[in-house]
Amino acid sequence: MKVKQEFSRILEEELDGMRFRRRGTNWYRLGQEIYSIVNIQSSRWDSLFYVNLGFAPAGDVPGGWLAESKCMLRFRLEAIKRVRPDSLRLLDDSVISERVDQHWRSAVRAGLVLPIVETLKRADSVEGLKGLLETEISDRVMIHRDMRRFLALPE
């Protein structure tokens, strides 16, 4: 899947300078307060793929690694309010596969990867993550009750 590979390359270029490590289709970072992960998940039904973000308290990450599906706070790329629906169409391999060019790369970087990067930068502390949830993320978020307590969010 050419689009998925190109998207991964662009994402890795941006995350490389932010101390993220790669493990398969995951990029993760264990910070002082917050663990962050970006996961690329292939669809079972078509050529689409999903970009998932996960967060957990740094103290709850044994060995420095935790799968996105085990994180106590999780959401998909489309939950970031800055990401427009037309930008998400850039990830459709069946529509775009013949157009992976510099224009596509620039549009992906600006419309998808940079919002991910900005989200990760803001979510590097408890207060940053809490503020991000209040202002930049839609209500399409899974937050475990223990994470709500950790962030002092209403239950």
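Ring pairs join Tyr28, Tyr35 and Trp65 into a cluster. The model is predicted, and the count of aromatic pairs in it comes to four. One of these pairs is formed by Phe7 and Phe49, whose rings are tilted, with 5.7 Å from centre to centre and 55° between the planes. This pair links distant parts of the chain: Phe7 belongs to helix α1 (residues 2–16) and Phe49 to strand β4 (residues 49–57), 42 residues apart. Phe7 has a relative accessibility of 0%, so it counts as buried. Phe49 is buried as well, because its relative accessible area is 4%, which is under the 20% limit.

Another ring has a charge above it. The charged end of Arg76 sits over the ring of Tyr50, 3.9 Å from the ring centre.

Phe49 and Tyr50 also appear in the lining of the largest pocket. The volume of this pocket is about 150 Å³. Besides those two, its lining consists of Leu48, Val51, Leu77, Glu78, Leu88, Arg89, Leu91 and Asp92. Which strand gives the most to the lining of the largest pocket? It is β4, with three residues. Sorted by class, the lining has seven nonpolar residues, three charged residues and no polar ones.

Val108 lies in helix α4 (residues 102–122). Is Val108 buried or exposed? Its relative accessibility is 0%, so Val108 counts as buried. Apart from neighbours within four places in sequence, Val108 is in contact with Phe7, Ile10, Leu90 and Val113. Phe7 is thus a contact of Val108 and also a member of the tilted pair with Phe49. For Leu90, the C-alpha atom is separated from that of Val108 by 6.8 Å, although the two residues are 18 apart along the chain.

Two residues are listed below for their backbone angle phi. Arg19 has a positive phi although it is not a glycine, and Ala152, also a residue other than glycine, has a positive value too.

| Residue | Phi | Place in the chain | Relative accessible area |
|---|---|---|---|
| Arg19 | about 65° | loop between α1 and β1 (21–23) | 60% |
| Ala152 | near 55° | segment after α6 (145–151) | 52% |

Arg19 is exposed because its relative accessible area of 60% is over the 50% limit. Ala152, with 52%, is exposed by that rule too.

Note on methods:
Residues numbered from 1 in each chain as written. Predicted model: local features only at pLDDT ≥ 70, side-chain atom pairs only at ≥ 80, totals over all residues. Heavy atoms only, no water. Phe/Tyr/Trp six-rings, centres within 6.5 Å; stacked < 30°, edge-to-face > 60°. Helix = DSSP H or I, 4+ residues; strand = E, 2+ residues; numbered from the N terminus. Buried < 20%, exposed > 50% of the residue type's maximum accessible area, 1.4 Å probe, protein only. Lys NZ or Arg CZ within 6 Å of the ring centre and 35° of its normal. 1 Å grid on protein atoms, 1.4 Å probe; cavity = no way out; pocket = protein on both sides within 12 Å on 5 of 7 lines; lining within 4 Å. Points joined across faces, edges and corners; volume = space filled by probe spheres on them. Nonpolar A, V, L, I, M, F, W, Y, C, P; charged D, E, K, R; others polar. Contact = heavy atoms within 4.5 Å.
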